[in-house]
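Colleague: I should like to go through the terms used for this model and hear the grounds for each one. Please set every value against its criterion before concluding.

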Amino acid sequence: MPSSPVPATPYVDLDREAWTRLSASTPLPLTDADVDRLAGLGDPIDLAEVDAIYRPISRLLDLYIEATRGLHGASSTFLREDIEPTPFVIGVAGSVAVGKSTTARLLRELVARWPATPRVELVTTDGFLYPNAELERRGLMERKGFPESYDRRALLRFVSQVKAGRAEVRAPVYDHVTYDIVPGAETVVHRPDVLIVEGLNVLQPARPATGSHSSLAVSDFFDFSIYVDAREPDVRDWYVDRFLRLRATAFQRPESYFHRYADLTDEQAVARAEQIWDSINAPNLEQNILPTRSRATLVLTKGRDHAVERVRLRKL
Ligand SMILES: Nc1ncnc2c1ncn2[C@@H]1O[C@H](COP(=O)(O)OP(=O)(O)O)[C@@H](O)[C@H]1O
Ligand SMILES: CC(C)(COP(=O)(O)O)[C@@H](O)C(=O)NCCC(=O)O
């Protein structure tokens, strides 16, 4: 029997105008208090963009959450067991400097406005990077952010325990100033309604099972996932801009790992940032991150000015 062709794309593809039109018919407009709170996050995002692009995403997430709870109730009825719904888990993936953290922080605020999900927790996967001493030992200091630079088993344990509804789950903490794991620090997650897991590699598929280790990846616990996408030359520029801004602020602090870059001239700082981008972050994007884009439920494509140009939502 001839096999049916694989569809060219499993996504509904909307340009900015089509997606923006959804904003007019989406409930829960931003109030003055919301605008104040969002402005207070310290992110450079334009509030008109929040209303047109990100607020409809929060509505879509609310619909998925409601449907997932319905499905959960159906399973409970079938099993004749009273099983509590567990946190709805959202993954946010994409390149270094593409805007994952900004998107994740924004969604945390917007999703928490919906009556069904006031408690939203956000965890970044950098807390699961191996400490620098361990990365040195493994010869991975020049591969920070590559899948092998993370303690993937600990990350998987963390997400699966939150998803299983455990009352309290702890994650280690990474500091971008010292460029290392903070000894003794932890983030504690207490059974949120929604957990957002943000990180470069969260959409990676599982590695093949070996011996007693089953083949699971954090993405197996996601109820929804978002890939933040942009053209590589634009992301490279955003990375360099952020590096220059950090040089004027965080790098000035003596405890900063990059303190030695505090006094570089503009030209030297740009050259150093480009070198880090070209030798670490660009190869990681190309080899590990971009290949996971097609696994996301929603793909947001940003233009040079950070405005979302295109939204793709998985329909199959
Ligand atoms: N929507 C946006 N509008 C304007 N600037 C943005 C937006 N999103 C991110 N940025 C800027 O782009 C850079 C990278 O964003 P960030 O969220 O830190 O990326 P990531 O977490 O992916 O490394 C930062 O300098 C940030 O301020
Ligand atoms: C800390 C990161 C690996 C990102 O971690 P994530 O939370 O996305 O898993 C990345 O921002 C980073 O520092 N990369 C190393 C190369 C560089 O200095 O840009």
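Colleague: What makes up the shell around ligand 2 by class?

Modeller: In this predicted model, the shell around ligand 2 has 4 nonpolar, 5 polar and 2 charged residues. The residues surrounding ligand 2 are Val-96, Thr-124, Thr-125, Asp-126, Lys-144, Gly-145, Gly-199, Leu-200, Ile-276, Ile-280 and Asn-281. Asp and Lys count as charged, so Asp-126 and Lys-144 belong to that class. Gly is counted as polar, so Gly-145 and Gly-199 are placed there.

Colleague: Which element gives the most to the shell around ligand 2?

Modeller: That is helix 8, residues 266–289, with 3 residues.

Colleague: How do the residues of the shell around ligand 1 divide, and which come nearest?

Modeller: They divide into 6 nonpolar, 5 polar and 2 charged. Of the 13 residues around ligand 1, the nearest are Gly-99, Lys-100, Ser-101, Thr-102 and His-306. Two elements, helix 4 (100–112) and helix 7 (232–248), give two or more residues to this shell. Helix 4 gives the most, with 3 residues.

Colleague: Why is Ile-226 called buried?

Modeller: Ile-226 has 26 other C-beta atoms within 10 Å. The term buried requires 20 or more, so Ile-226 qualifies. Ile-226 lies in strand 7. Leaving aside neighbours within four places in sequence, Ile-226 is in contact with Ile-90, Val-92, Thr-103, Ala-296, Leu-298 and Leu-300.

Colleague: Why is Leu-47 called partly exposed?

Modeller: Leu-47 has 13 C-beta neighbours inside 10 Å. A residue is exposed at 12 or fewer and buried at 20 or more; the value of 13 falls in between, and therefore Leu-47 counts as partly exposed. Leu-47 has its place in helix 3. Not counting residues up to four places away in sequence, Leu-47 touches Val-35 and Leu-38. Leu-47 and Val-35 are 12 residues apart in sequence, and their C-alpha atoms are 7.3 Å apart in space.

Colleague: What makes strand 7 mostly covered?

Modeller: Strand 7 comprises residues 224–230, and 7 of its 7 residues are buried. Phe-224, Ile-226, Val-228 and Ala-230 point one way, whereas Ser-225, Tyr-227 and Asp-229 point the other way, and all are buried.

Colleague: How do you know that strand 7 pairs with strand 2 and with strand 8?

Modeller: Pairing requires at least two bridges. Strand 2 (residues 88–94) and strand 7 are joined by 5 bridges and run parallel, so the criterion is met. In that pairing, Ala-93 stands opposite Tyr-227. Strand 7 is also joined to strand 8 (residues 298–302) by 5 bridges, again in parallel. There, Ala-230 stands opposite Lys-302.

Colleague: In what sense does strand 9 pair with strand 1 and with strand 8?

Modeller: Strand 1 (residues 11–15) and strand 9 (residues 308–314) pair in the antiparallel sense over 5 bridges, with Tyr-11 opposite Arg-314. Strand 8 and strand 9 likewise pair in the antiparallel sense over 5 bridges, and Val-299 stands opposite Arg-312. Strands 8 and 9 form a hairpin with 5 residues between them; in the turn, His-306 has a positive phi of about 75°.

Colleague: Which residues touch the most other members of the largest nonpolar core?

Modeller: Of its 65 residues, these are Ile-90, Val-159 and Ile-196. Helix 3, residues 47–79, supplies the largest share of this core, 7 residues. Beyond four places in sequence, Ile-90 touches Leu-61, Val-194, Ile-196, Phe-222, Asp-223, Phe-224, Ser-225 and Ile-226.

Colleague: How many helices and strands are there in the protein chain, and why is the chain called as compact as a globular protein of its length?

Modeller: The protein chain has 8 helices and 9 strands. Its radius of gyration is 20 Å, and the globule rule gives 20 Å for 316 residues; the two values are close, so the chain is as compact as a globular protein of that length. The C-alpha atoms fill a box of roughly 65 × 50 × 50 Å along the principal axes.

Colleague: What percentage of the 316 residues is buried?

Modeller: Buried residues make up 33% of them. Among contacts with a separation of 6 or more, residues 24 or more positions apart account for 72%.

Methods. Residues numbered from 1 in each chain as written. Chains lettered and ligands numbered in written order. Predicted model: local features only at pLDDT ≥ 70, side-chain atom pairs only at ≥ 80, totals over all residues. Near = placed C-beta within 6 Å. Helix = DSSP H or I, 4+ residues; strand = E, 2+ residues; numbered from the N terminus. Core = buried A, V, L, I, M, F, W, Y, C linked by C-beta atoms within 7 Å. Contact = placed C-beta atoms within 7 Å. Rg over C-alpha atoms; globule rule 2.2 N^0.38 Å.
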